[in-house]
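Welcome, and thanks for taking a look at this one. Below is a short briefing to read alongside the model.

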Amino acid sequence: HVGQLRRTGVEHPIAHLKTWLVARKARNAAAVAGILLAGVDMLFFMWIKPEVTAVSPFWADELFADMDKAVFGRDPWLFFKGFDLTFHAWAYSFFWFVAIMATLLWLLGRPPSKARSATLLNYFALWSIFGPIGQYFGSAAGPIFYQKIGLGDRFAGLSANIPPVTNALSGYLWDLHINQTPAVGAGISAMPSLHIATVAWIYLVFRAHRSKFAPLAAMFALYIFALSVALGWHYAVDGFGGALGALAFHWLSERYLDRRSNLPAFEEQAVPAG
């Protein structure tokens, strides 16, 4: 950076960098605080998820499975039968988490705007409001637990199609559920899919900022949606529900900010992003 500044004619590049860092101090502090708060909000959902299941036992699995079959003509995980999903099972969780954190960092580094505020509000609303309420009213375990909740062997072939890491993780979650053990990742909830709600949110972030990354974000969202079905974690309708929730709460966030548009901190137009 010093060399670049010298080449552009800056006489005192070190002093210039110090001034720039001081000017960004408040924004950098806000970004760190935002990431920490986002992590706490995610942990809040993971803490409350088992509690919601306790007061709203699984009831909707047969309904959602039948809805999937009505839409696709068969249980949609069968479209992925025979595929090697080993890498994708790992990517489903790891890439998803990294993408959320990277998007949050990118978003928190953007200048204040209505688009930035709306997408940040949407993120917290999805974890704090949409997830728990949707889980309560549409309580379902998902195809991977279908037989374990006593609904028969409709998805018996699924375990042979998915990689051992997915079977091991589902066994871990089931043991926590049965023993009511508080632990990292505890809780079973298929509807709505927060995996899909959050990747839809990622797309909405880049679309709202008119970023060139929006098409890539859309493809990533479709990839995670396909994996959620292929690996048996969700019915396809869970993903549809998650995506619709992200869209709905984005709209609500924008309407809320419209009512507060007289505040000087909100700019009406998003800043084009690279």
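**A loop residue to start with**

Arginine 210 is partly exposed, because its relative accessible area of 47% falls between the 20% that bounds buried residues and the 50% above which a residue is exposed. Please keep in mind that this is a predicted model.

**Arginine 210 and the loops around H9**

- You will find arginine 210 in the loop that links H9 to helix H10 (214–230).
- The phi angle of arginine 210 is near 50°, a positive value in a residue other than glycine.
- On the other side of H9, the loop between helix H8 (164–179) and H9 holds proline 192.
- The peptide bond running from methionine 191 to proline 192 is cis, and its omega is near -5°.
- As background for both loops, most residues other than glycine have a negative phi, and most peptide bonds are trans.

**The overall fold**

- The protein chain contains 11 helices and 0 strands.
- Read from the N terminus, its elements run α-α-α-α-α-α-α-α-α-α-α.
- Of the 274 residues in the protein chain, 45% are buried.
- Taking contacts between residues at least 6 apart in sequence, 82% join residues at least 24 apart.

**Helix H5 and its kink**

- H5 covers residues 86–108, which gives it 23 residues.
- From first C-alpha to last, H5 reaches 34 Å, close to the 33 Å expected at 1.5 Å a residue.
- H5 has a kink of about 35°, and tyrosine 92 is at its centre.
- Tyr92 is also one of the buried residues of H5.
- The other buried residues of H5 are Ala89, Ala91, Trp96, Ala99, Ile100, Met101, Thr103, Leu104, Leu107 and Leu108.
- When reading such a list, it helps to recall that an α-helix has 3.6 residues a turn, so residues three or four places apart point the same way.

**How H6 packs with H9**

- Helix H6 (residues 114–137) packs with helix H9 (residues 194–208) at an angle of about 170°, and their axes are 10 Å apart.
- H6 is therefore roughly antiparallel to H9, since angles over 145 degrees count as such.
- By class, 11 nonpolar, 4 polar and no charged residues make up the contact of H6 with H9.
- On the H6 side, the residues that meet H9 are Ala115, Thr119, Asn122, Tyr123, Leu126, Trp127, Phe130 and Gly131.
- Their partners in H9 are Leu194, Ala197, Thr198, Trp201, Leu204, Val205 and Ala208.

Key
Residues are numbered from 1 along each chain as its sequence is written. This is a predicted model: local features need pLDDT of at least 70, side-chain atom pairs count only at pLDDT 80 or more; totals for chains, interfaces and linings use all residues. Side-chain values use heavy atoms; hydrogens and water are left out. Helices (H or I, at least four residues) and strands (E, at least two) are DSSP runs, numbered from the N terminus. The expected span of a helix is 1.5 Å times one less than its number of residues. The bend at a residue is the angle between axes fitted to the seven residues ending there and the seven starting there. Buried means under 20% relative accessible area, exposed over 50%, partly exposed in between (1.4 Å probe, protein chains only). Axes are lines fitted to C-alpha atoms, for helices over the stretch in contact, and angles run from 0 to 180 degrees between N-to-C directions. Angles under 35 degrees count as roughly parallel, over 145 as roughly antiparallel, 65 to 115 as roughly perpendicular and the rest as oblique. Contact means heavy atoms within 4.5 Å. Ala, Val, Leu, Ile, Met, Phe, Trp, Tyr, Cys and Pro count as nonpolar, Asp, Glu, Lys and Arg as charged, and the others, Gly among them, as polar.
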